[in-house]
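Please open the model in a viewer and keep the sequence panel visible. The tour below proceeds by selection, one stop after another.

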Amino acid sequence: MPGAFEIPDSDQGFGGPRAAARAGLRQAFGAPGLVLSASFLGFGALVRQSDLALWHGVLSTVTGWALPGQIALVELYAAGASLLSIALAVALSNARLLPMTVTLVPVLRAKRWPRWSYFLAAHYIAVTGWAAAMRVCPAIPPDERLPYFTGFTVTLWTGTIAATAIGFYLAGAVPQQVSLGLVFLNPIYFMLVFAESAKQRMRALALGLGAVAGPAVHLLSPDWGLLISGVGAGTLAYALDRLWARRHA
């Protein structure tokens, strides 16, 4: 949500690694935590309605923590799909996390922190944490970036684990349409986060082209439409931005 991520006015950042971690924790309790928790309430309800056990849902949140892949996992498992089919579906759904990791880890890197800490932090890279870190971290000292990201994402991760369990037990207390509708708060939140980035020409082009191409390409290929439109819109936006920059250099 625009304005959800606090960026220090001073070049000194938050005032040290511990203060940065506390700032990340505090910001996670705002709109990001509320929307993600609501989404995972819906996921917990989906787990129960798919006749799976609570531990199935909680384990998927603990180890996977990527809602589209988790939904694919639950639905395919409940439908009796083969393990190979499930693994491929989850892998394709979560492939989007690789470019996020490649772009974010260099931003987080600082000499103060051991190398293994970045491998651990990579587990918590998802769209919400990535968006927050890419907005806040470049504006703060390198030593504060990993603590900020850790405080922000571990708080979200812990909250979504609890929300998965709560949603599982609340599944029978609310109508099915309400519990499943909570899942779709997540992409709406992502769009609001990225809307603020539309001030940058290339990102605005990518969002616009993706929004136009997505539905049309989905009609042509429901299985590959999202991947094709995402890669195509991003590539075309990059090319158009470079062309614009050259003409106005």
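**First stop: Thr164.** Select Thr164, which is buried, with a relative accessible area of 1%. The model is predicted, and the values given on this tour are computed from it. Thr164 belongs to helix H9, which covers residues 142–170. Now display the residues around it. Apart from neighbours within four places in sequence, Thr164 is in contact with Phe40, Phe43, Gly44, Gly57, Val58 and Thr61.

**Second stop: Thr61.** Which side chain makes a polar contact with the side chain of Thr164? Select Thr61 to find the partner: the two side chains meet in a polar contact of 3.0 Å. Thr61 is part of helix H3 and counts as buried, at 0% relative accessibility. Along the sequence, Thr61 and Thr164 are 103 residues apart, yet their C-alpha atoms are 7.6 Å apart in space. With neighbours within four places set aside, the contacts of Thr61 are Phe40, Phe43, Gln70, Trp157, Thr160, Ile161 and Thr164. Phe40 and Phe43 may be highlighted here, since each is in contact with Thr164 and also with Thr61.

**Third stop: Tyr148.** Return to helix H9 and select Tyr148, which is found there. Is Tyr148 buried or exposed? Tyr148 is buried, with a relative accessible area of 1%. Add Arg22 to the selection: it is 126 residues from Tyr148 along the chain, and the two C-alpha atoms are separated by 7.4 Å. Leaving out neighbours within four places in sequence, Tyr148 is in contact with residues including Phe14, Ala20, Ala21, Ala23, Gly24 and Gln27. Its contacts also include Ala132, Val136, Cys137 and Ile140.

**Fourth stop: helix H8.** Two of those contacts, Ala132 and Val136, lead to the next selection, residues 127–136, which form helix H8. Eight of the ten residues of this helix are buried, so helix H8 is largely enclosed by the rest of the structure. The buried residues are Val127, Thr128, Gly129, Trp130, Ala131, Ala132, Ala133 and Val136.

**Fifth stop: the second largest pocket.** Turn next to an open space in the model. The second largest pocket holds about 310 Å³ of space. It is lined by 18 residues, and those closest to its centre are Ser60, Leu73, Val74, Ile86 and Val90. To see where the lining comes from, colour helix H3 (54–63), helix H4 (67–78) and helix H5 (83–94), the elements that each give two or more residues to it. By character, the lining consists of eleven nonpolar, seven polar and no charged residues.

**Sixth stop: the annotated spans.** The unreviewed UniProt entry carries the annotation "transmembrane region" for residues 28–47, 53–69, 76–95, 115–134, 146–171, 177–195 and 226–245. Select two of these in turn. Residues 28–47 are 90% helix and 0% strand, with end C-alpha atoms 25 Å apart. Residues 76–95 are 75% helix and 0% strand, and there the end C-alpha atoms lie 18 Å apart.

**Last stop: the whole chain.** Clear the selection and view the protein chain in full. How many helices and strands does it have? The chain has 13 helices and zero strands. Of its 249 residues, 40% count as buried. Among contacts between residues at least 6 apart in sequence, 80% join residues at least 24 apart. The pair Thr61 and Thr164, 103 residues apart in sequence, offers a final view of a contact of this kind.

Terms used
Residues numbered from 1 in each chain as written. Predicted model: local features only at pLDDT ≥ 70, side-chain atom pairs only at ≥ 80, totals over all residues. Heavy atoms only, no water. 1 Å grid on protein atoms, 1.4 Å probe; cavity = no way out; pocket = protein on both sides within 12 Å on 5 of 7 lines; lining within 4 Å. Points joined across faces, edges and corners; volume = space filled by probe spheres on them. Helix = DSSP H or I, 4+ residues; strand = E, 2+ residues; numbered from the N terminus. Nonpolar A, V, L, I, M, F, W, Y, C, P; charged D, E, K, R; others polar. Buried < 20%, exposed > 50% of the residue type's maximum accessible area, 1.4 Å probe, protein only. UniProt positions renumbered as here; feature names shortened; annotations may be inferred. Polar contact = N/O pair within 3.5 Å; in protein donor to acceptor, adjacent residues only side chain to side chain. Contact = heavy atoms within 4.5 Å.
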